[in-house]
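I am opening the notebook to record what I looked up in this structure, entry by entry.

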Amino acid sequence: MPSVLITGATSGFGKAAAQRFAKAGWSLILTGRRQERLDALEKELSQQVPVLTIALDVRDSDAVTAAISGLPEAFLPLTCLINNAGLALAPEPSQKVALEDWHTMIDTNITGLVNVTHATLPLLLKNSEGASILNLGSVAGQWPYPGGHVYGASKAFVQQFSYNLRCDLLGTGVRVTDLAPGMAETEFTLVRTKGNQEASEALYRGTTPLQAEDIAEQLFYLATLPPHININRLEIMPVRQAWSAFAIDRDPA
Ligand SMILES: NC(=O)C1=CN([C@@H]2O[C@H](COP(=O)(O)OP(=O)(O)OC[C@H]3O[C@@H](n4cnc5c(N)ncnc54)[C@H](OP(=O)(O)O)[C@@H]3O)[C@@H](O)[C@H]2O)C=CC1
Ligand SMILES: O=CCS(=O)(=O)O
């Protein structure tokens with residue numbers, strides 16, 4: 001039975017991915033910080049497949065190493081790692097952002113992802129043919145926009161780290177993908193605005209954003225491709241989202 005380790009399984013893409021992989025009979029290792037949500041997910045999905053939940057902050061490298069090195073044999077070898085835990089903060093311009101918010105994004109989206117990848121690589125290499133590392137990047141890693149500052153930069157890191165991992169893993173059979181979604185309706189904007197429900201609802205109102213299930217379907221597709229295929233980067237937007245023109249600063253008329 002193949003197994004998948006999903007970070008950030010307590011919400012959004014991670015939770016939908018847990019449900020999608022469970023439907024296909026995969027064993028699940030689910031992590032996130034919120035214990036009660038992990039418990040609910042375990043209760044829901046353990047009727048279908050073996051489920052191991054681990055309350056974990058990906059920023060804590062010692063905790064990540066201990067948890068992953070202590071995985072029970074029943075969940076090994078690992079077939080897929082989904083590096084999904086992440087967040088954006090402070091949609092304001094850079095000059096108005098608290099330094100702490102930049103640090104939180106770097107610590108989670110970059111250091112956290114690196115922590116989990118480093119601890120998990122030996123497990124993926126044991127079952128390397130057809131194994132996958134699926135990293136959640138973002139359109140923000142490729143396309144700049146006001147208020148994107150460190151969030152976009154952290155996702156650019158995810159893209160380049162994914163490509164560089166591919167180089168090092170050449171010949172092992174382990175695939176690496178930077179999955180880069182555009183606007184998707186999850187708790188992402190609620191987190192970004194520090195709990196502003198109205199701002200979150202307003203962003204998604206009157207348009208058709210991606211849903212968590214759309215991304216889960218792509219993750220499952222990537223993880224189950226024939227083992228000789230690697231999709232390096234997969235960028236997905238809702239049909240109702242596109243780029244905008246360059247902004248120009250002009251003298252007053
Ligand atoms: N929604 C969108 O528009 C897009 C999102 N993305 C990316 O997709 C990923 C998932 O986002 P999405 O599902 O939308 O957002 P959600 O806010 O719905 O989910 C984020 C998940 O990350 C977990 N998480 C956050 N910080 C930590 C941490 N320090 N340690 C462990 N887990 C953590 C949360 O769990 P908990 O709080 O329990 O720890 C939660 O399960 C992120 O990397 C995001 O940047 C990319 C493109 C578009
Ligand atoms: O990564 C999230 C999508 S967006 O808010 O940057 O468009």
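Which residues does leucine 28 touch, not counting residues up to four places away in sequence? I find Val4, Ala18, Phe21, Ala22, Leu45, Val49, Pro50, Val51, Leu52 and Phe75 around leucine 28, where contact means heavy atoms within 4.5 Å.

Notes on conventions. I am working with a predicted model, in which local features need pLDDT of at least 70 and side-chain atom pairs count only at pLDDT 80 or more, while totals for chains, interfaces and linings use all residues. Residues are numbered from 1 along each chain as its sequence is written, chains are lettered from A and ligands numbered from 1 in the order in which they are written, and side-chain values use heavy atoms, with hydrogens and water left out.

Entry on the cores. I looked up the largest nonpolar core and found 34 residues in it, of which Phe21, Leu28, Leu30, Ile82 and Leu219 touch the most other members. Such a core is a set of buried Ala, Val, Leu, Ile, Met, Phe, Trp, Tyr and Cys residues joined through side-chain atoms within 4.5 Å; buried means under 20% relative accessible area, exposed over 50%, and partly exposed in between, with a 1.4 Å probe and protein chains only. The elements that give two or more residues to this core include strand 1 (3-6), helix 1 (12-23), strand 2 (27-32), strand 4 (80-83) and helix 8 (212-223), and helix 8 gives the most, with seven residues. Helices (H or I, at least four residues) and strands (E, at least two) are DSSP runs, numbered from the N terminus. Apart from this core lies another, of 23 residues, among them Leu5, Ile54, Leu124 and Val174.

Entry on ligand 1. I counted as near any residue with a heavy atom within 4 Å of the molecule, and 30 residues surround ligand 1, with Thr10, Ser11, Arg33, Tyr151 and Thr186 coming nearest. This shell divides into 12 nonpolar, 12 polar and six charged residues, where Ala, Val, Leu, Ile, Met, Phe, Trp, Tyr, Cys and Pro count as nonpolar, Asp, Glu, Lys and Arg as charged, and the others, Gly among them, as polar. Helix 1, helix 5 (149-169) and helix 6 (188-192) each supply at least two residues of the shell. For polar contacts with the ligand I took pairs of N or O atoms within 3.5 Å. A backbone N or O atom of valine 58 lies 3.0 Å from a nitrogen atom of ligand 1, whereas the partner is an oxygen atom of the ligand for a backbone N or O atom of asparagine 84, at 2.9 Å, and for one of alanine 184, at 3.0 Å. The protein covers 96% of the 880 Å² of accessible area that ligand 1 has on its own, by the Shrake-Rupley method with a 1.4 Å probe.

Threonine 10, in the loop between strand 1 and helix 1, is buried, with a relative accessible area of 8%. Leaving out residues up to four places away in sequence, I list Lys15, Thr31, Gly32, Arg34, Arg37 and Leu38 as touching threonine 10.

Entry on ligand 2. The residues around ligand 2 are Ser138, Val139, Ala140, Tyr145, Tyr151, Gly182, Phe188, Arg192 and Gln241. Oxygen atoms of ligand 2 come within polar-contact range of three side chains: 2.6 Å from an N or O atom of serine 138, 2.5 Å from one of tyrosine 145 and 2.6 Å from one of tyrosine 151. Taken alone, ligand 2 exposes 240 Å², of which the protein buries 83%.

Entry on backbone geometry. Most residues other than glycine have a negative phi, and most peptide bonds are trans. I noted a cis peptide bond between leucine 76 and proline 77, with omega about -5°; proline 77 is found in the loop between helix 3 (61-69) and strand 4. Alanine 90 has a positive phi of about 60°, and lysine 194 has one near 55°. Is each of the two buried or exposed? Alanine 90 is buried, with a relative accessible area of 4%, whereas lysine 194 is exposed, at 57%.

Conventions
A polar contact is a pair of N or O atoms within 3.5 Å; within protein, one must be able to donate a hydrogen and the other to accept it, and residues adjacent in sequence count only if both atoms are side-chain atoms.
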